[in-house]
Amino acid sequence: MTVVATMSISLDNVGTGLHQTEERPFGDVPEDALHRWMFDAPQENQPEIDAILGAGAYVMGRNMFGPVRGEWDRDWRGWWGPNPPYHAPVFVLTHYPHDPIEMEGGTTFHFVTDGIHAALDRAREAAGDLNIHIAGGPTTTNAYLAAGLVDELALQISPVVLGEGIRLLDGVGRLDLEPIAIRPTSLVTHARYRVRYPDGA
Amino acid sequence: MLIYSATGSLDGYFAEPDGSFDFAFPDEELHTFVNEVHATIGTLLIGRRSYELMEPWDTMDIETADPAEAQFARQWRETDKVVYSSTLPEVTFPRTRLERTFDPDAVAELKASSDRDLGIGGPELAGAAFAAGLVDEVWTFLVPTVIGSGAPMFAGGHRIDLELIDQHRFGNGTVGMHYRVNGTRS
């Protein structure tokens, strides 16, 4: 079982923008800037889309799940409609307990209040032989990288420099990477790396 | 055409906080490729720091250098250099002139009147060129390492819309990406 961090980023590593709202899931980053490849050229990028959505379990941060902050004071079921693309258990990191939300198509959102290790443990139990994906956003993925818990990094690098936003790889310390697969398509560069932590972990 | 070419870490840094960039030293294969990328450049625009770092290329013994370094030194000596610095008293290298400020109009004129391409070195200077909409193409060489902090490859906080036109993967794990610049917004 491999723990893979997957994320669509700009050439300057921005994974999402500041000032997220319900209307703007990526905040100040224009919605199409980092994900246009997925919507405008799905066939060309099908192997990577299949890989991103092929995990046995997912872990994501609360801001990736939704715009609600603090207590869960309203019904929120993610950005993805009644049938999210994950079709597997999704473990959402939060400080505020919430009952699991079962969606159509096999996706269930579970809410984990005791930290990133606990969420990964639960994802491990749920994933069976399949991979676990750390789905983002960048703050969550950086926490997993800094803790030495990520085996592979699967990036989709869009041809844009954004200049500001929340950056992947910020504060993760030193890492050595080994490319596994690099594939350019017309709208994005897919770059998959094995992560080597300096202490050999 | 004005080309910005930069080697950096996967987390987007051109140099360590102390200015060193040992992590980015190219091997023979990468150096040979970078030489080819730079071969179309007739005039190179650089800052004071680059000017000071580049001195060995003017003084080294080409006969005893390894082939990629010798080729780079030859190209360097055949390239006209414009150094931007408000503090350097003078420049002493051949084919080199000093400018006190980065004047976008003058660079646009130079670009229009040059038979060969212009290159720009260093993220700060490149940031000024991006801000003025003067950069036509970008080569980034991403080294497979995360260094955590330092000087970013893209300075100035501009949004730059690019289009991938070529890509190259090297034996040492570095990935080179060649982009056309479609627009810059501050």
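## Strands within and between two chains

Let's start with a pairing inside chain A: strand 3 (residues 57–60) and strand 7 run parallel and are joined by 4 bridges. Keep in mind as you look around that this is a predicted model. From strand 7 we can move out to chain A as a whole, and then to the place where chain A touches chain B.

**Strand 7 and its two partners**

- Strand 7 of chain A covers residues 132–136, and 5 of its 5 residues are buried, so you will find this strand mostly covered.
- In the pairing with strand 3, try picking out Val59(A), which stands opposite Ile134(A) of strand 7.
- Strand 7 also pairs with strand 1 (residues 3–9) of chain A; these two run parallel as well, with 3 bridges between them.
- To see strand 1 meet strand 7, look for Val3(A), whose bridge partner in strand 7 is Ile132(A).
- Here is a handy idea when you look at any regular strand: its side chains alternate between the two faces of the sheet.

**Chain A as a whole**

- How many helices and strands does chain A have? There are 5 helices and 12 strands.
- The radius of gyration of chain A is 16 Å, close to the 17 Å that the globule rule gives for 201 residues, so chain A is as compact as a globular protein of that length.
- Measured out along its principal axes, the C-alpha trace of chain A spans about 40 × 40 × 30 Å.
- Of the 201 residues in chain A, 44% count as buried.
- Among contacts in chain A with a separation of 6 or more, 68% come from residues 24 or more positions apart.

**Where chain A touches chain B**

- Between the two chains, 23 residues of chain A are in contact with 25 residues of chain B.
- On the chain A side, the elements that give two or more residues are strand 9 (160–161), strand 11 (175–184) and strand 12 (189–196).
- Which of these elements gives the most to that side? Strand 11 of chain A does, with 7 residues.
- By type, the residues on this side of chain A divide into 14 nonpolar, 4 polar and 5 charged.

**A strand pairing across the chains**

- Strand 11 of chain A also pairs with strand 8 (residues 145–146) of chain B, in the antiparallel sense and over 2 bridges.
- To find this pairing in the structure, look for Asp176(A): its bridge partner in strand 8 of chain B is Thr145(B).

Conventions:
Residues are numbered from 1 along each chain as its sequence is written. Chains are lettered from A and ligands numbered from 1 in the order in which they are written. This is a predicted model: local features need pLDDT of at least 70, side-chain atom pairs count only at pLDDT 80 or more; totals for chains, interfaces and linings use all residues. A residue is buried if 20 or more other C-beta atoms lie within 10 Å of its own, exposed if 12 or fewer, and partly exposed in between; C-beta atoms are placed from the backbone. Two strands pair if DSSP finds at least two bridges between them. Two residues are in contact if their C-beta atoms, placed from the backbone, lie within 7 Å. Ala, Val, Leu, Ile, Met, Phe, Trp, Tyr, Cys and Pro count as nonpolar, Asp, Glu, Lys and Arg as charged, and the others, Gly among them, as polar. The radius of gyration is taken over C-alpha atoms; the globule rule is 2.2 Å times the number of residues to the power 0.38.
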